[in-house]
Structure formats: structure tokens, C-alpha cells
Amino acid sequence: MIRFDSVAKRYPPGIDALAEISFQVEPGELVIVSGHSGAGKSTLLKLIAAIETPTAGTVLVNGQNVGALRSSAIPYLRRNLGLVFQDQKLLFDRNAFENVMLPLAIAGFAPKEAARRVRAALDKVGLLAREKAMPIALSGGEQQRLAIARAVVGRPSLLLADEPTAYLDPETARTVADIFIDFYRVGVTVLLATYDEALFLPRGARRLGLDHGRMTS
Ligand code: ADP
Ligand code: ADP
């Protein structure tokens, strides 16, 4: 599903964020990317989502060379990706339901089918009763769950998350981790950057370690 071959990423003016990265992720795997702050975890996820392009090497997602995609092809790649990234903020002037509806509205779903899917996604993350709530009225853990619902409402086969349990208390972090594990259990490929290895490793995750932009495992 994902394959990196000798991938490097250098940011201007010459910061080597990643070097000589090669690995493969099979469909249905749960993989955690771990490493210190600045190790290159976010960059690795951004290369998969075509938010950044590699400086060297190839990144294949579902057989597509995502580093070489024309910009017109990127929306099609993203349609099959669920992203839970720090910079994909919730819209604070829309309620929970409307936030999750947005990707389906953009994709042109019929309103009735879209509403059904939105409620199914809210139900999956335990927020069905909060569909009318504005994000500001939700706790940090609930906001993170809402971001997950928005990421999965299009039923992506690949779910990418960057530090999804950061800034949450341990109990809330576990609740959020459980949601990713539930998606893994129904066959979704899940790749996430995290410091909370203990939430995932005992539950079937494979670890991909990064240290200063290089793989350690
Ligand atoms: P992590 O997610 O493990 O904290 P990142 O992928 O965010 O690591 O960053 C890896 C390295 O690349 C760091 O040295 C960071 O400062 C640098 N970096 C990340 N994004 C950019 C950018 N847009 N421009 C320049 N340097 C960047
Ligand atoms: P169906 O009615 O066919 O079961 P739904 O649209 O009701 O489908 O979706 C069920 C739930 O499964 C949704 O909440 C969605 O978030 C979640 N989901 C997302 N991606 C996947 C996936 N790849 N496989 C299974 N379930 C997924």
C-alpha cells in the first residue's frame, strides 16, 4: 500500500529532514512512526499525502508515484486518504455535524446519503449525541475525535495521523488510540506518528523508528 525507496527530503536552506528512507506498509497494517521531536515523523506523513514532495527517491501509495503527481491528480489521491494533522483545523464557526459533512459536500454526495454517512462516522467516534455542538464547546479529546470522524467519513483505505494523542490526558489519549485501533481491526491501514508507543505496540502495531531523519528500525 505504501512503499518508500531511498527517500530523502531536504528543506530549504539545506535541512535534511529525511535521508535513505526505505520501507513498505502492507494493506491492513497498523504502523507507528516514532522518534524524538524533529526526527522527521511529520515530514514522512506529509510525503505520503503529497503535502511535501521528496528531494530524492520514490514514494508509492497504491502503486502511484505520489511525488510525481500532477496537482490535478492530488485530490484523487486524497480522496482515499484520511488525514488527522495538526494543520487541518476544525471549522469553529460550524457545528460537529457540519464539520464532518464538509468533505462529503465537496465530493458532491447527495444530502441524504451524506447525512447518513456523517452520523455513522460520528457514531464510530462516540459523538453522535453531540452533532449539534460547536467545536469550542467540545473537550480536547472530543475535538480530536471529531477530527477523526471528518477524516474517515469518506471511508478511506488509509488513515494517517500526526501525534493524535498529544496534549491529551492519559485516559483521553487511550480513548482516542482505541478509535484508531478499531479502524485497524476492520481493515483500514493506519499509519501514525506518536510518542505514545505503549498505547499501540501491545495491540498489534509495528514500529518504524526515526532518529535525525534516518531509520533505526
Ligand atoms: P517531527 O515530526 O519528528 O518532529 P519534522 O518532520 O516536523 O519532525 O521535522 C524534521 C526536520 O525538518 C526538523 O529539523 C524540522 O525543523 C525541519 N522542518 C520541518 N518542516 C520544515 C519546513 N517546512 N521548512 C524547513 N524545515 C522544516
Ligand atoms: P455502511 O453503511 O456500508 O456500513 P457507512 O457509510 O455507514 O457504511 O460507514 C460505516 C462507518 O465505517 C463509517 O462511520 C466510517 O467512518 C467507517 N469507515 C471509514 N472508513 C472505513 C473503512 N475503510 N472500512 C470500514 N469502515 C470504515
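These are my notebook entries on two domains and two ligands in a predicted model.

**Domains**

I looked up the domain assignment before anything else. It gives domain 1 as 26-53 + 62-80 + 156-217, and domain 2 as 92-155. I then took the centres of domain 1 and domain 2 over C-alpha atoms and found them 21 Å apart.

**Where the domains meet**

I asked how many residues of each domain are in contact with the other. The count is 11 residues of domain 1 and 11 residues of domain 2. For the buried area I noted about 970 Å² between domain 1 and domain 2, with 78% of it on carbon and sulfur atoms. On the domain 1 side, I wrote down Pro156, Ile179 and Phe183 as the residues that lose the most area to domain 2. Together they make up 49% of what that side buries.

Next I checked for charged and polar pairs. I found zero salt bridges between domain 1 and domain 2. I found one residue pair in polar contact across the interface.

Which helix gives the most to the side of domain 1 that touches domain 2? I have it as helix H6, residues 170-185, with five residues. I also sorted the residues of this side of domain 1 by type: eight are nonpolar, two are polar and one is charged.

**Ligand 2**

I listed the surroundings of ligand 2. Around it are Arg116, Arg117, Ala120, Ala121, Lys124, Val152, Arg155, Pro156, Phe183, Val186 and Val188. Two of these names, Pro156 and Phe183, I had already entered for the area lost to domain 2.

I then looked up single distances. The side chain of lysine 124 has an N or O atom 2.5 Å from an oxygen atom of ligand 2. Alanine 120 has a backbone N or O atom 2.9 Å from an oxygen atom of ligand 2. For proline 156, I noted a backbone N or O atom 3.0 Å from a nitrogen atom of ligand 2.

**Ligand 1**

Which residues are around ligand 1? My list reads Tyr11, Ile15, Ala17, His36, Ser37, Gly38, Ala39, Gly40, Lys41, Ser42 and Thr43.

I noted three distances here, each to an oxygen atom of ligand 1. From a backbone N or O atom of serine 42 it is 2.8 Å. From a polar backbone atom of glycine 40 it is 3.0 Å, and from a polar backbone atom of alanine 39 it is 3.1 Å.

How values were computed
Residues numbered from 1 in each chain as written. Chains lettered and ligands numbered in written order. Predicted model: local features only at pLDDT ≥ 70, side-chain atom pairs only at ≥ 80, totals over all residues. Heavy atoms only, no water. Domains from an automatic or database assignment. Contact = heavy atoms within 4.5 Å. Buried area = accessible area lost by both parts, 1.4 Å probe. Salt bridge = Lys/Arg side-chain N within 4 Å of Asp/Glu carboxyl O. Polar contact = N/O pair within 3.5 Å; in protein donor to acceptor, adjacent residues only side chain to side chain. Helix = DSSP H or I, 4+ residues; strand = E, 2+ residues; numbered from the N terminus. Nonpolar A, V, L, I, M, F, W, Y, C, P; charged D, E, K, R; others polar. Near = heavy atom within 4 Å.
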